[in-house]
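Please open the model in your viewer, set the side chains to sticks, and follow the stops below in order.

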Amino acid sequence: MILNTSFLRNIFLYKCLLALTFWNHVSLSLGDELFTSVSNNFPEDDSNQKIKSLPLLYTKSHQSKANSDWVVIQNTTESLSLSEITNDNVKKLIALLSNFRQGSRLQNLTLTNVSVNWNALMEVFQTVWHSSIEYFNTNNVTQLSDVKSYDFDYSGTSMKALTMKKIIITDMYFTQDDLYRIFADMNIADMTIAESEMIHMLCPSSKSPFRYLNFLKNDLTDFLFQNCDNLLQLETLILQKNKFESLRKVSFMTSRMKSLRYLDMSSNLLRHDGADERCLWAESLTELDLSSNQLADAVFECLPVNVKKLSLENNQISNVPRGVAELKSLEELNLASNRLADLPGCSGFPSLQFLNAEMNSILTPSADFFQSCPRVRELQAGHNPFKCSCELQAFIRLERRSGGKLFGWPAAYVCEYPEGLRGTELKDFHLSLLACNTTLLLVTALLLTLVLVAAVAFLCIYLDVPWYVRMTWQWTQTKRRAWHGSPGDQGAALQFHAFISYSERDSLWVKSELIPNLEKGEGCVQLCQHERNFIPGKSIVENIINCIEKSYKSIFVLSPNFVQSEWCHYELYFAHHKLFSENSNSLILILLEPIPPYLIPARYHKLKALMAKRTYVEWPKERSKRALFWANLRAAISINLTKADENLDEETD
């Protein structure tokens, strides 16, 4: 059954009139061309004049009734935006677009939220191609059916630019030519396919007019456009946020693009290992963005020789090798957010005018930077962890003579080290001339060193070594307490002479040195060790308490490992009433390794006080001093040892 076209258009305009009655507050106009083309089939009477003056209207309410219309988002004489295109209304869309023949005033078309079959999508593109539209944008397009071969007619188009974002291809198995060839052979100047998980794009079949290609945020790899000779007019190529890995392959991709000027490869996975990997870039390339990749120092072996603007921000560059890169045309270099320890020189960049070295690891920038880079007009070196010292004074003076070339001064230039000056702006950092006089400092340091060495030598040669003095004093005090007696309450259940508390990391010393030396020979000491005296079945805490209560003395082997041990903390906690009393003599401290005060946690305040007020036995590193160490330790354990043995005998009786 064939319906008259005029009849269908009458129905179409009638529906628009009804919609206007209910929704005039959201009415929008498409332009005079469409009304003229639609109304040419009607007689020129009063009603036709009214119809011609009505705007076409598509609303969500109307869509919900007919389930076949779309939503007008924006509508002017030259621009049209439509949304919610489905298989149910796509033919009406094609019919609508067919009215905008070349010569019409409509130039911009945007379609959003499109869900149609492949053939219908191609028909929309084909209709746009032969219309007056010059700029075609699509967003959120879902292709619903299988991708099939389509004979696309590119001839006679007004199109200049195509932008497609968030395209979803539901067909998982298709021939590459059926999909990618449609777009690769488009005869337009600009094309963008972004955020679409696109994994490949074919080289155009013939010499392409593409000047601008943007494939932002896809899944393209190093295979893109390899050995492609048909992109001779391409000037701008954006491949940001894809999955490229080889900088060398990227360079070869560009080598045949004779007009390429700008390349954006930021936010990929690019690496370059050097090692005889030859790179070949397009000679026309003048602007290159390699930021946010995985490039290291070797990247300077693989750069386009004619590049003028280069971004290597947010990579892994720690140094700019001298004599590797000869970039005579380079004017702007961005090395922000890398690992640089100093400002790079300009031996390989004689034309450099702008350098960004912010957010690196520069403690003290070179003061001769502007001497080696005379053409630099602006240096961005802020937000580095500056070490405010005498060496930095030269850089600060350099700023005063640079004539405002330091970008961000003074707010971005702040001391990070030393801690006492953290947060101080460099402009407020000053040191006296005497403090930064290297010669005077060297002379003073040398004199002090000589005096100190002489004093130490005198003490070591003519007097007793401080270590011997301290150990002799400890031995004397221990003997004195033994002679005068120290009753001490041993309780009713003493079984051991001493309980050993130590970190498991110090167990090798305890087992190989402490236990054998105390338990052998005359007056052997009965030691309580957790490995052999803890009772199976009882909790660790209960065993600790029992061993401390049944021991006359408690030996603590102190070291950085000790204060980091949680179980050693428990042993201290349960024993502190007995062991950490200022009037108690049941504690023996062995300093196995020096413990910096900042390593001792706050909960060890008793230990800090005891180490400050009481004597302790220090394990000597020299073998010649260890005999005295063991003598002092045995003397300390022997205090009231006879009394302890009597208590043990009384327990036996």
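Select Lys-217 in the loop between strand S7 (212–214) and strand S8 (236–238), where helices (H or I, at least four residues) and strands (E, at least two) are DSSP runs numbered from the N terminus. At 45% relative accessibility Lys-217 counts as partly exposed, a class lying between buried (under 20% relative accessible area) and exposed (over 50%), with a 1.4 Å probe and protein chains only. Add Lys-165, Lys-166 and Lys-241, which gather with Lys-217 in a patch of positive charge on the surface; such patches take residues with over 30% relative accessible area and no salt bridge, like charges being joined within 9 Å.

This is a predicted model, in which local features need pLDDT of at least 70 and side-chain atom pairs count only at pLDDT 80 or more, while totals for chains, interfaces and linings use all residues. Residues are numbered from 1 along each chain as its sequence is written, and side-chain values use heavy atoms, with hydrogens and water left out.

Next, select Arg-211 and Glu-235, which form a salt bridge with the closest N and O atoms 3.1 Å apart (a side-chain nitrogen of Lys or Arg within 4 Å of a carboxyl oxygen of Asp or Glu). Arg-211 lies in the loop between strand S6 (190–194) and S7 and Glu-235 in the loop between S7 and S8, so the pair ties together parts that are 24 residues apart in sequence.

Then move to Asp-219 and Lys-243, whose side chains meet in a salt bridge at 3.6 Å, N to O. Asp-219 is partly exposed at 23%, as is Lys-243 at 42%.

Terms used
Patches are made of residues with over 30% relative accessible area and no salt bridge: like charges are joined within 9 Å, nonpolar side chains (Val, Leu, Ile, Met, Phe, Trp, Tyr) within 5 Å. Accessible areas come from the Shrake-Rupley method with a 1.4 Å probe; for residues, only the protein chains shown count as cover. Lys and Arg count as positive and Asp and Glu as negative; His and the chain ends are not counted. The place of a charge is taken as NZ of Lys, CZ of Arg, CG of Asp or CD of Glu.
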